[in-house]
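Colleague: Before we discuss this model any further, could you take one part of it and go through it slowly, beginning with a single loop and following its contacts outwards? I would rather have one connected account than a list of features.

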Amino acid sequence: MMTISYEYEGALYVNLTNRCDCACVFCLRHNGHKGSIYADDLWLEHEPDREEIWADFQKRDLTRYRELVFCGFGEPTFRWDDDAWLIDELRKVYGDKLPPVRINTNGHANRILGRDITPELAGRVDTISISLNGADRAEYTAVTQPSTGEQGWDDMLDFTRKAARYVPQVVMTIVDKDKTEADIAACRALAESLGAHLRVRAYIPN
Ligand code: SF4
C-alpha cells in the first residue's frame with residue numbers, strides 16, 4: 001500500500017517522494033521508520049507517477065480540508081515539477097475553493113533542481129515553511145548534514161530570501177530543544193532579515 005495523501009488535523013498532506021539531500025539527526029526516515037506521528041506507511045515503494053497521483057486525488061473532496069500540505073517523507077521539492085502540475089490541475093477543478101497550499105521544505109530546491117524555482121511558486125503556493133534547524137552555519141550543518149555540507153546553509157538562506165518575493169507567507173521553523181533565548185532571538189532576527197517569520201516548534205521525540 002502506498003500513502004500518496006493523508007489527513008492530519010483537518011489538513012491534507014501530500015507525500016510524493018522519499019528522497020532527500022539531507023540526513024537530519026532527528027529525521028524519522030532513519031532507523032527503519034516507515035511512518036510518522038502523522039500516518040503509517042509513508043515510505044513509498046516507488047515514486048507515484050502523475051497518473052497514480054491523480055487517481056489518488058480523484059478519491060478526495062479537497063473542499064473538506066483547511067490546507068493542502070506538500071511535505072513528504074522526504075524533501076518534496078525533488079518533485080517540484082509534479083507538485084506544480086498537481087496544484088495547477090487541482091486549481092482547474094476547484095478554482096477558488098482549493099484550500100491554501102503550503103510546502104514544508106529544507107530550502108534546497110534551487111540546488112536540487114539546478115534552477116531558481118522561486119518565481120514558479122507565485123500563484124501556486126500560499127505558505128512556504130523552511131526548516132532553519134540551527135542558529136548558525138555550524139549548528140545547521142551538524143544537525144541537517146546536507147550532501148553539499150555547509151553550502152546547504154547558504155542555499156537555504158538564499159532560497160528563503162527569493163521565495164519571500166513570490167510567496168505571501170514565508171515561515172522559518174526551529175525546534176526549541178537545546179535553544180537558549182539568545183539563540184531564538186538570533187534565529188528570529190535572521191528570519192526577519194530574509195522576509196520570513198520565525199515559528200518555534202516544540203520538540204517531539206521519535
Ligand atoms: S530535510 Fe526533512 S526529510 Fe530530509 S533528512 Fe531532514 S527531516 Fe528528513
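Modeller: In this predicted model, the place of Val25 is the loop that runs between strand 2 (11-14) and helix 1 (50-58). Val25 counts as exposed because its relative accessibility is 56%, where the boundary for exposure is anything over 50%. From Val25 to Ala142 there are 117 residues along the chain, yet their C-alpha atoms are separated by 8.3 Å.

A second loop belongs to the same account. Asn133 sits between strand 5 (127-131) and helix 5 (137-144), and among the residues it touches beyond four places in sequence are Cys24 and Phe26. The other residues on that list are Tyr140, Val143, Thr144, Thr173 and Ile174. In contrast to Val25, which is exposed, Asn133 counts as buried because its relative accessibility is 10%. The backbone of Asn133 also deserves attention, for its phi is positive, at about 60°, although the residue is not a glycine. Most residues other than glycine have a negative phi. Glu9, in the loop between strand 1 (5-8) and strand 2, likewise has a positive phi without being a glycine, here of about 45°. Glu9, however, is exposed, with a relative accessible area of 59%, whereas Asn133 is buried.

Cys24 and Phe26, both touched by Asn133, also belong to the residues around the ligand. That shell further comprises Cys20, Cys22, Ala23, Cys27, Arg29, Phe73, Gly74 and Asn106. Sorted by class, the shell consists of seven nonpolar residues, two polar ones and one that is charged.

Two members of this shell, Cys20 and Asn106, lead on to Glu75, since both appear among its contacts outside its sequence neighbourhood. Glu75 lies in the loop that joins strand 3 (67-70) to helix 2. Glu75 counts as buried because its relative accessibility, 3%, falls under the 20% limit. A polar atom of the Glu75 side chain lies 2.8 Å from the backbone nitrogen of Asn106. Besides Cys20 and Asn106, the residues in contact with Glu75, leaving aside neighbours within four places in sequence, are Thr17, Arg19, Asn104, Thr105 and Ile112.

From here the path turns to the nonpolar interior. The largest nonpolar core has 46 residues, and those with the most contacts inside it are Phe57, Leu62, Leu68, Leu121, Val125, Ile128 and Met172. Helix 2, covering residues 80-94, gives the most to this core, with seven residues. Apart from it lies another core, made up of seven residues, including Ala11, Tyr13, Val69 and Phe73; Phe73 is thus a member of that separate core and is also found around the ligand. To return to the largest core, Met172 is in contact, once neighbours within four places in sequence are set aside, with Ile130, Leu132, Met156, Leu157, Thr160, Ala191, Leu194, Ala196, His197, Leu198 and Arg199. Leu198, one of these contacts, can also be located relative to Ala185, a residue of helix 7 (residues 181-193). Ala185 and Leu198 are 13 residues apart along the chain, and 9.5 Å separates their C-alpha atoms. Ala185 itself is partly exposed, because its relative accessible area is 45%.

Tyr13, named above in the separate core, carries the account into the aromatic residues. When rings are paired if their centres lie within 6.5 Å, the count comes to five aromatic pairs. In one of them, Tyr6 and Tyr13 are stacked, at 5.4 Å centre to centre and with 15° between the planes. Both Tyr6 and Tyr13 are buried, and together with Tyr8 they form one aromatic cluster.

The last stop is helix 1, which bounds the loop of Val25. Asp56 is found in this helix and is buried, because its relative accessible area is 11%. Although Asp56 and Ser5 are 51 residues apart in sequence, their C-alpha atoms are 7.4 Å apart in space. Their side chains make a polar contact of 2.5 Å. Beyond its neighbours within four places in sequence, Asp56 is in contact with Ile4 and Ser5.

How values were computed. Residues are numbered from 1 along each chain as its sequence is written. This is a predicted model: local features need pLDDT of at least 70, side-chain atom pairs count only at pLDDT 80 or more; totals for chains, interfaces and linings use all residues. Side-chain values use heavy atoms; hydrogens and water are left out. A nonpolar core is a set of buried Ala, Val, Leu, Ile, Met, Phe, Trp, Tyr and Cys residues joined through side-chain atoms within 4.5 Å. Buried means under 20% relative accessible area, exposed over 50%, partly exposed in between (1.4 Å probe, protein chains only). Helices (H or I, at least four residues) and strands (E, at least two) are DSSP runs, numbered from the N terminus. Contact means heavy atoms within 4.5 Å. A polar contact is a pair of N or O atoms within 3.5 Å; within protein, one must be able to donate a hydrogen and the other to accept it, and residues adjacent in sequence count only if both atoms are side-chain atoms. Rings of Phe, Tyr and Trp (its six-membered ring) pair if their centres lie within 6.5 Å; planes under 30 degrees apart count as stacked, over 60 as edge-to-face and the rest as tilted. A residue is near a molecule or strand if one of its heavy atoms lies within 4 Å of it. Ala, Val, Leu, Ile, Met, Phe, Trp, Tyr, Cys and Pro count as nonpolar, Asp, Glu, Lys and Arg as charged, and the others, Gly among them, as polar.
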